Amino acid sequence: MANKLILELKETAVTLGGRDFVVREMSGAKQNKFYPLIANFARVAGEVQELEKLDSPTAEQTKQLEQARKQMNSMNEDIWTMILNPADQNRDRITSEWLDEHANDRLGEAILHEQMTLNNFESTLGKLTA
């Protein structure tokens, strides 16, 4: 009798803000959206840091900073929404207000790290950069 290899997407249960979620290994299609979003978030975050360093920003630079911060908030919601899959039927979108109430940078880092681990990101990145 032949052996059978059974492969499933890996997942980790997570409770955050009193809600249960599943952090699930992403499909290829979802990865194709997720990784560019992460890269764009990092780029915009760098722009924000540079603009915040300015001693006397111009009106245009202040406007750019405000727009970049809004863009980061929107991307942050998208990232969290892509990672956290509600485990119940409560599929309400994760909003900035909900994140402000129930999450912080430490929790975000832990959840993002888990997502990257499930997707074997370091290995994938190594192959892409080779």
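In this predicted model, isoleucine 111 counts as buried, because its relative accessibility is just 9%, under the 20% cut-off for that label. Isoleucine 111 sits in helix H4. Setting aside its neighbours within four places in sequence, isoleucine 111 is in contact with Val14, Leu16, Val23, Trp80, Ile83 and Leu84. One of these partners, valine 23, is a long way off along the chain: 88 residues separate it from isoleucine 111 in sequence, yet the two C-alpha atoms are 7.8 Å apart in space.

That pairing fits with the wider contact pattern. Among contacts in the protein between residues at least 6 apart in sequence, 68% link residues at least 24 apart. Of the 130 residues in the protein, 30% are buried. As for the outside, the protein exposes about 9,200 Å², and carbon and sulfur atoms supply 51% of that area.

Stepping back to the overall layout, the protein has 5 helices and 3 strands. Going along the sequence, they come in the pattern β-β-α-α-β-α-α-α. The opening pair of strands, S1 (residues 11-16) and S2 (residues 19-24), run antiparallel and are joined by 6 bridges. Two of the pairings can be picked out by name: alanine 13 has valine 22 in S2 as its bridge partner, while valine 14 has phenylalanine 21. Valine 14 also turns up among the contacts of isoleucine 111. Between the strands of this hairpin there are 2 residues, and glycine 17 takes a positive phi near 60 degrees.

Then there is the matter of pockets. The largest pocket has a volume of about 470 Å³. Its lining is made up of 17 residues, with Phe41, Asn76, Trp80, Asp105 and Gly108 lying nearest the centre. Trp80 has come up before, as a contact of isoleucine 111. Sorted by class, the lining has 9 nonpolar residues, along with 5 polar and 3 charged ones. Several helices help build this lining: H1 (28-52), H2 (59-83), H3 (96-102) and H4 (105-118) each supply at least two residues. Helix H4 thus appears twice in this account, as a contributor to the pocket lining and as the helix that holds isoleucine 111.

Technical notes
Residues are numbered from 1 along each chain as its sequence is written. This is a predicted model: local features need pLDDT of at least 70, side-chain atom pairs count only at pLDDT 80 or more; totals for chains, interfaces and linings use all residues. Side-chain values use heavy atoms; hydrogens and water are left out. On a 1 Å grid over the protein atoms alone, a cavity is a set of points where a 1.4 Å probe fits but cannot get out, and a pocket is an open set with protein on both sides within 12 Å along at least five of seven lines; lining residues have an atom within 4 Å of a point. Grid points are joined across faces, edges and corners, and a volume is the space filled by probe spheres set on the points. Helices (H or I, at least four residues) and strands (E, at least two) are DSSP runs, numbered from the N terminus. Ala, Val, Leu, Ile, Met, Phe, Trp, Tyr, Cys and Pro count as nonpolar, Asp, Glu, Lys and Arg as charged, and the others, Gly among them, as polar. Buried means under 20% relative accessible area, exposed over 50%, partly exposed in between (1.4 Å probe, protein chains only). Contact means heavy atoms within 4.5 Å. Accessible areas come from the Shrake-Rupley method with a 1.4 Å probe; for residues, only the protein chains shown count as cover. Two strands pair if DSSP finds at least two bridges between them.
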